[in-house]
Amino acid sequence: MRTMLSVAASAVVVAGALAVQLPARAGEVEVLDWWTSGGEARSVAELKKILESRGHKWKDFAVAGGGGENAMTVLKSRVVSGKPPTAAQVKGPGIQEWGADGVLANLDDTAKTGKWDSLLPPVVSNVMKYQGHYVAVPVNVHRVNWMWANPEVFKKAGAKIPTTWDEFAAAADKIQKSGFIAVAHGGQPWQDSTVFESVALGVGGAEWYRKAFVDLDPTALNSPQMEKAFATLRTVQKYIDKDAANRDWNQATGMVIRGEAAMQFMGDWAKGEFTAAKKAPGKDYVCMPAPGTKGAFTFNIDSFIMFTQKDADAKTAQAALSAAIMEPQFQEVFNLNKGSIPVRMGMDLAKFDQCAKDSAAEFATAAKSGALVPSWAHEMAMPPANKGAMFDVVTAFMNTPGMTPKQATERIAVACKRM
């Protein structure tokens, strides 16, 4: 979705890039994705040009609608019928599920040649592997634990942009009393959990977060930290306007852009809205880690799984696609369009804005410190059934004023125990 944009495009650029380098016949690249709107479609079109200019054929296989659900239905049908595409837009635990089905190609040779193990943090490369072998290629990195703020609103309210949750409550109170909306939000399950995820990271820290949302440790799930996270979420909810129900995330971002609201807790795909509105980071808006999360990084990574191919030319094109995705040229073009940062470490970020540079710096720091953790709200940390149970509890809490933080904590522990 937000995190996964122009995969089709990537396929395009990818296959193209290697076609020039390898003395092999051109092959056809077919990539399943659901990036069909706005900037996504433009990115695909641009990458398609690059692919075709380098001799490879691009076969369009985009499936719109359903936030990817429609695409996954089509993909399963294709694989069952023995006609899988070259690659498909899949991420997180889904990679392991497809790997267990025995239908994915081994990309170790391409990864070794490209030195992927040295270019990717282990916490990322491990997600791309099944039983120790590369079967997927990462496209980008989205940081989820961002706070987007309108400095002019804070100035008018006489409030300080918060770096802790205690500071948040003080600032939000001043903003609300000044007639502004403190928190722009859309009351949809995934948005509720996106906010809660950042709250939980800020309250409990990366180590506890990993135990609770990655390891699904019963003690961490039913803990004082979890209860405090829900209590803090209730505080945040106090400063969300009454019309938030079913509001799309980009509409909430627009409220911050127009100065109607002071801040929004959302991943870095929100930056695209500021860019489209011709707003400059550090001047018209501020991008900061969500309160209490400086130094920590929740990641959401778009990636392609590669399916086993029988035809020799198809295998060559697939290798080209896989290698090109990780090349600096594609990583730069794709991520400048997407609002995310390159997954490849050590790249020149001269063309990126300050928000992206800050994100890349914290990505590298968090990878070394152990504070780089997968986003559970965006399908990177746990199986779908567990994620669904988490969503249900968080959304029920947001929509049930009488539910206490302790009750919500107990419900999460019980729900995950049943998985």
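The charged end of Lys387 sits over a ring, that of Phe391, at 4.8 Å from the ring's centre. A similar arrangement turns up with Arg234, whose charged end lies over the ring of Phe397, 3.7 Å from its centre. Both rings belong to one aromatic cluster, whose members are Phe196, Trp208, Tyr209, Phe213, Phe230, Trp376, Phe391 and Phe397. All of this comes from a predicted model, so a word on confidence helps. The mean pLDDT of the protein is 89, with 89% of its residues at 70 or more. Residues 1–24 are another story: pLDDT stays under 50 there, and the model gives this stretch 108 contacts beyond four places in sequence.

Some members of the aromatic cluster show up again in the nonpolar core. The largest such core holds 135 residues, and those with the most contacts inside it are Ile175, Phe213, Phe230, Met263, Phe265 and Trp376. Helix 10, which covers residues 189–214, gives the most to this core, with 12 residues. As a general picture, nonpolar side chains in soluble globular proteins tend to be buried together. Phe213 shows what its surroundings look like: setting aside neighbours within four places in sequence, Phe213 is in contact with Phe196, Ala200, Trp208, Met226, Trp376, Ala381, Met382 and Met390.

Trp165 is worth a look too. This residue is found in helix 9 (residues 165–177). Is Trp165 buried or exposed? With a relative accessible area of 12%, Trp165 falls under the 20% cut-off, so it counts as buried. Leaving out residues up to four places away in sequence, Trp165 touches Ser198, Val199, Gly202, Val203, Thr232, Val236, Phe265 and Pro291. Its C-alpha atom is separated by 10.0 Å from that of Thr293, although the two residues are 128 apart along the chain.

Across the whole structure, a search finds 19 aromatic pairs. One of them joins Trp98 and Phe307 edge-to-face, with 5.6 Å centre to centre and 85 degrees between the planes. Trp98 lies in helix 4 (residues 93–100), while Phe307 lies in the loop between strand 13 (303–306) and helix 15 (312–325), so the pair ties together parts that are 209 residues apart in sequence. Both of these residues are buried.

Another link is covalent. In general, a disulfide is a covalent bond between the sulfur atoms of two cysteines. The count here comes to one disulfide, formed by Cys287 and Cys355 with their sulfur atoms 2.1 Å apart. Which parts of the chain does the pair tie together? Cys287 is in strand 11 (residues 286–289) and Cys355 is in helix 17 (residues 354–369), so the bond connects parts that are 68 residues apart in sequence. The torsion about the S-S bond of Cys287 and Cys355 is about -105 degrees, which means the disulfide is left-handed. Cys287 and Cys355 are both buried.

Finally, the backbone has a few spots to check. Most residues other than glycine have a negative phi. Lys115 is not a glycine, yet has a positive phi of about 60 degrees. Lys115 sits in the loop between helix 5 (108–114) and helix 6 (116–119), and counts as exposed at 57% relative accessibility. Leu216, also not a glycine, has a positive phi of about 55 degrees and is found in the loop between helix 10 and helix 11 (218–221). Gly339, just after helix 16, takes a positive phi of about 95 degrees. In helix 16 itself (residues 328–338), the buried residues are Phe330, Gln331, Glu332, Phe334, Asn335 and Lys338.

Note on methods: Residues are numbered from 1 along each chain as its sequence is written. This is a predicted model: local features need pLDDT of at least 70, side-chain atom pairs count only at pLDDT 80 or more; totals for chains, interfaces and linings use all residues. Side-chain values use heavy atoms; hydrogens and water are left out. A disulfide is a pair of cysteine sulfur atoms within 2.5 Å. Helices (H or I, at least four residues) and strands (E, at least two) are DSSP runs, numbered from the N terminus. Buried means under 20% relative accessible area, exposed over 50%, partly exposed in between (1.4 Å probe, protein chains only). pLDDT is the predictor's confidence in each residue, from 0 to 100. Contact means heavy atoms within 4.5 Å. Rings of Phe, Tyr and Trp (its six-membered ring) pair if their centres lie within 6.5 Å; planes under 30 degrees apart count as stacked, over 60 as edge-to-face and the rest as tilted. A charge sits over a ring if NZ of Lys or CZ of Arg is within 6 Å of the ring centre and within 35 degrees of the ring normal. A nonpolar core is a set of buried Ala, Val, Leu, Ile, Met, Phe, Trp, Tyr and Cys residues joined through side-chain atoms within 4.5 Å.
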